[in-house]
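Work through the exercises below with the coordinates open. Each task is followed by a solution in steps.

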Amino acid sequence: FVEALVPDPKKTIISWDTELKGFGIIVLPSGRLTYCLQYRNKERIKKRIKIGVHGQITAEEACVIARKYLSMITQGEDPAEQKKALKHLPDIHELAKDYVDRYGKNKRPRSLEEDQKLLRNHIIPKLGDRKVSHLSRRDVENFHAALKETPYQANRTLALLSKMISLAIAWGWRVDNPVKGIPRFPEEKRDRWLNKEEISRLWKTLDDYKRPSSFFFKLLLLTGARKNELLKATWNHFDLEQGVWTKPSSLTKQKKREYLPLSQEAIQVLQELKNLNIESSYVFPGLTKKEPLKDVQNLWKRVIKKADLLGVRIHDLRHTHASHLVSSGLSLSIVGKLLGHTQASTTQRYAHLADEPLRHATSLFGSTIRAVTSSSLKQLPK
């Protein structure tokens with residue numbers, strides 16, 4: 001019957017099934033055939049829902065779906081409204097946009113930039129079309145497993161997805177978080193710091209560069225500051241007479257003001273930099289001098305190449321600062337305060353270095369015992 005239908009070139013026609021009430025097929029002038037079901041919902045409002053296009057499904061398959069819809073209708077449900085609601089369910093792509101628009105504005109620019117990179121490179125390409133309410137734990141496990149070659153990035157991506165789903169729960173888009181409980185990949189922390197000989201090579205190389213930006217790396221080493229804290233620092237943050245750097249909350253990772261005492265060496269570097277008479281409010285201005293310097297990577301690559309320190313990152317200067325402080329006998333709590341850590345666990349990565357002063361102390365007593373016993377042995381009769 002369906003195959004024999006002839007379209008009317010001037011209008012749409014509908015043919016109804018003689019056995020299943022409300023089940024029919026829409027015949028467009030173009031010849032397209034679409035199965036449908038016409039019914040009244042519990043408010044007695046006439047509705048029509050499309051089932052599928054002939055050729056994509058058969059008449060028999062369309063009939064089975066029509067019977068399923070009729071069963072729902074007898075139970076007071078409205079399949080057309082449910083289909084409409086499903087069509088408008090937000091997907092991960094929409095969730096990502098809302099996350100950036102509503103939550104991202106509260107994050108530091110660098111953190112938001114990293115989140116957008118993970119969204120752009122991983123989450124949206126792989127999960128963007130998935131409905132938020134339909135995302136399953138299995139979907140997330142497969143997504144995470146596909147990133148196993150880059151465990152650190154895989155775990156950061158999973159953490160971001162979890163945060164997004166938590167917001168979706170708060171917005172009533174779903175009731176559970178399928179990311180929770182999924183084990184993260186083991187991460188090997190990259191602990192690299194410069195020894196005294198390497199520091200000497202680096203410092204000498206920086207002295208050879210007669211440009212203001214070379215002072216930047218010296219100050220990172222002397223203060224243990226984060227790169228962006230120093231890049232965006234202005235001269236009014238520094239009191240060279242009192243030897244204090246006041247970091248405003250807008251620049252610190254913890255979003256609170258921090259006071260960092262400066263060593264004489266750091267003050268000297270800052271004074272030398274100030275004597276260059278660069279007219280800018282920024283300690284390290286960019287080309288226009290009205291905004292901070294943005295790119296230090298190119299200079300750093302040249303510096304580490306000349307100093308034969310290939311593979312050393314800018315952030316390793318912060319590790320170097322902390323490691324030498326801990327090795328010198330300072331407590332982890334003091335070092336953590338200097339670095340601006342709010343969690344003791346963050347500073348704990350340097351805990352093994354705190355053993356060095358203790359090892360030195362025990363070695364001193366061991367040397368005493370060796371000296372005493374050696375002299376005693378010499379006095380024994382042969």
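**Exercise 1. Burial and cysteines**

Task: State what share of the chain's residues is buried, then classify Cys 36 and Cys 63.

Solution. Of the 382 residues in the chain, 38% are buried. This is a predicted model. Burial requires a relative accessible area under 20%. Cys 36 has 0% relative accessibility, so Cys 36 is buried. Cys 63 has 18%, and therefore Cys 63 counts as buried too. As for disulfides, a search of the whole structure returns 0.

**Exercise 2. A strand pair**

Task: Determine in which sense β6 and β7 pair, and which faces of β7 are covered and uncovered.

Solution. Strand β6 spans residues 244–247 and pairs with β7 in the antiparallel sense, over 4 bridges. In this pair, Glu 258 of β7 lies opposite Lys 247. Strand β7 runs over residues 258–261. Glu 258 and Leu 260 form its covered face, while Tyr 259 and Pro 261 form the uncovered one.

**Exercise 3. Confidence**

Task: Find the helices where confidence is lowest and highest.

Solution. Start from the inventory: the chain contains 15 helices and 7 strands. The mean pLDDT over the chain is 84, and 85% of the residues reach at least 70. Confidence is lowest in helix α14 (residues 344–347), with a mean of 54. It is highest in helix α5 (residues 137–145), at 95. Coordinates predicted with low pLDDT should not be read in detail.

**Exercise 4. Contacts and surface**

Task: Give the share of contacts joining residues at least 24 apart, and the exposed area.

Solution. Count contacts between residues at least 6 apart in sequence; 55% of these join residues at least 24 apart. The chain exposes about 23700 Å², of which carbon and sulfur atoms supply 53%.

Technical notes: Residues are numbered from 1 along each chain as its sequence is written. This is a predicted model: local features need pLDDT of at least 70, side-chain atom pairs count only at pLDDT 80 or more; totals for chains, interfaces and linings use all residues. Side-chain values use heavy atoms; hydrogens and water are left out. Helices (H or I, at least four residues) and strands (E, at least two) are DSSP runs, numbered from the N terminus. Buried means under 20% relative accessible area, exposed over 50%, partly exposed in between (1.4 Å probe, protein chains only). Contact means heavy atoms within 4.5 Å. Accessible areas come from the Shrake-Rupley method with a 1.4 Å probe; for residues, only the protein chains shown count as cover. pLDDT is the predictor's confidence in each residue, from 0 to 100. Two strands pair if DSSP finds at least two bridges between them. A disulfide is a pair of cysteine sulfur atoms within 2.5 Å.
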